[in-house]
Amino acid sequence: MKSLPLIPILLFFISSSCLAQNPNQAIFDGYNMLKVHESTLGIYYAQANEQAQIEKIDSFLISKADSISTRFKHRLTGKVQFEFYPNQALAEFVCGWDTTKSNQKSNRIGCAHYINKIQMVMPGATPKSDSIYSDWGGDLKVILHEYIHSFTYDIVGEDRINKIPFLFTEGIALYTSKQIYLNSNFKKIIHQRLEQNAVPKFQILMINKKFITIKNSYHWSFLFINYIIDNYGWDTFLDIQNNFEDYNKILKKKDKEINQDWFQYLESNRLKI
């Protein structure tokens, strides 16, 4: 019997080994990042001296996980991998954001581009990243925001993650994590935007490429989810999250009607100031 050639076999094993490695392993090695904690909820990678803080983050998420699962009527499959990087530039890099060619100030401190992977700046790493965390309700609420993305992505499935509008995903995460509130200060902002005729149309916010260019787009997504829940109820919101392609059918409205309805909702909140 003829013996199999060794070179193709060796190449196969080498290729398989490379594919199995963490694509960010070089960064992990260069910045002394390693697995510092594992629980029933997740696996955490950070620098060794961050273990105590990571354990506190894990305890916080565990305290919220059951209530989120109950509200979403869904349990995550498998553990979530959390990667906490020692500076903002690294977090931007692994999240795939190239800010080197932009004159705009970056306010990005994390991402959840996959069902079970979250990549963040380590809280306390820099004054700049901590300031951004503070602007969005504090580090724990921001991390919870990304964790909620994992629920949405797990519900819609890997093949639909890139299709669901940011208007829904960001609004859902902001609403559920309670990062911001529909308080009197927020209503004043609504009032100003309505006076200036500066409220973006629902149809525009539904387009992801335009959503990321609109000022205060995250705030508008939060308001839109408030509109859905206040006018149609929590179960309708869940139905839209699970079947976002059929939102017109679920709400029994065309896009133009949804836009008019939403503007009326914003007007009613302005009048309550």
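Which residue stands opposite Lys117 in strand 5? Keep that in mind as you click around. One thing before we start: what you have open is a predicted model.

**Stop 1: strand 5**

Select residues 117–121, which make up strand 5. Five of the five residues here are buried, so the strand is largely enclosed by the rest of the structure. By buried I mean under 20% relative accessible area. Now show the side chains. In a regular strand, side chains alternate between the two faces of the sheet. Here, Lys117, Gln119 and Val121 point one way, while Ile118 and Met120 point the other way. Whichever way they point, all of them are buried.

**Stop 2: strand 3, one neighbor**

Add residues 80–85 to your selection: that's strand 3, joined to strand 5 by five bridges. The two strands run parallel. Here's the answer to the opening question: Gln81 stands opposite Lys117. Next, pick Tyr85 and look across to strand 5, where its bridge partner is Val121. Strand 3 is mostly covered too, with five of its six residues buried.

**Stop 3: strand 4, by way of a hairpin**

Go back to strand 5 and bring in residues 110–114, which form strand 4. How do strands 4 and 5 run, parallel or antiparallel? They're antiparallel, and three bridges hold the pairing. Find Cys111 and you'll see it standing opposite Gln119 in strand 5. Follow the chain from strand 4 to strand 5 and you'll pass through a hairpin of two residues.

**Stop 4: strand 2 and the crossover**

Return to strand 3 and select residues 42–47, strand 2. Four bridges join strand 2 to strand 3, and the pair runs parallel. Gly42 is a good residue to click on, as it stands opposite Val80 in strand 3. Then trace the chain onward: from strand 2 it goes through helix 3, residues 51–72, before arriving at strand 3. This β-α-β crossover is left-handed.

**Stop 5: helix 6**

Finish with residues 139–156, helix 6. Try the distance tool on its end C-alpha atoms: they are 26 Å apart. That agrees with what 18 residues should span at 1.5 Å a residue, which is 26 Å. How many of its residues are buried? The count is 15 of the 18, so helix 6 is largely enclosed by the rest of the structure. Step just past its end to Gly157, where phi is positive, near 95°.

Notes. Residues are numbered from 1 along each chain as its sequence is written. This is a predicted model: local features need pLDDT of at least 70, side-chain atom pairs count only at pLDDT 80 or more; totals for chains, interfaces and linings use all residues. Side-chain values use heavy atoms; hydrogens and water are left out. Buried means under 20% relative accessible area, exposed over 50%, partly exposed in between (1.4 Å probe, protein chains only). Two strands pair if DSSP finds at least two bridges between them. A crossover is right-handed if, with the strands pointing away from the viewer, the path from the first strand over the helix to the second runs clockwise. The expected span of a helix is 1.5 Å times one less than its number of residues.
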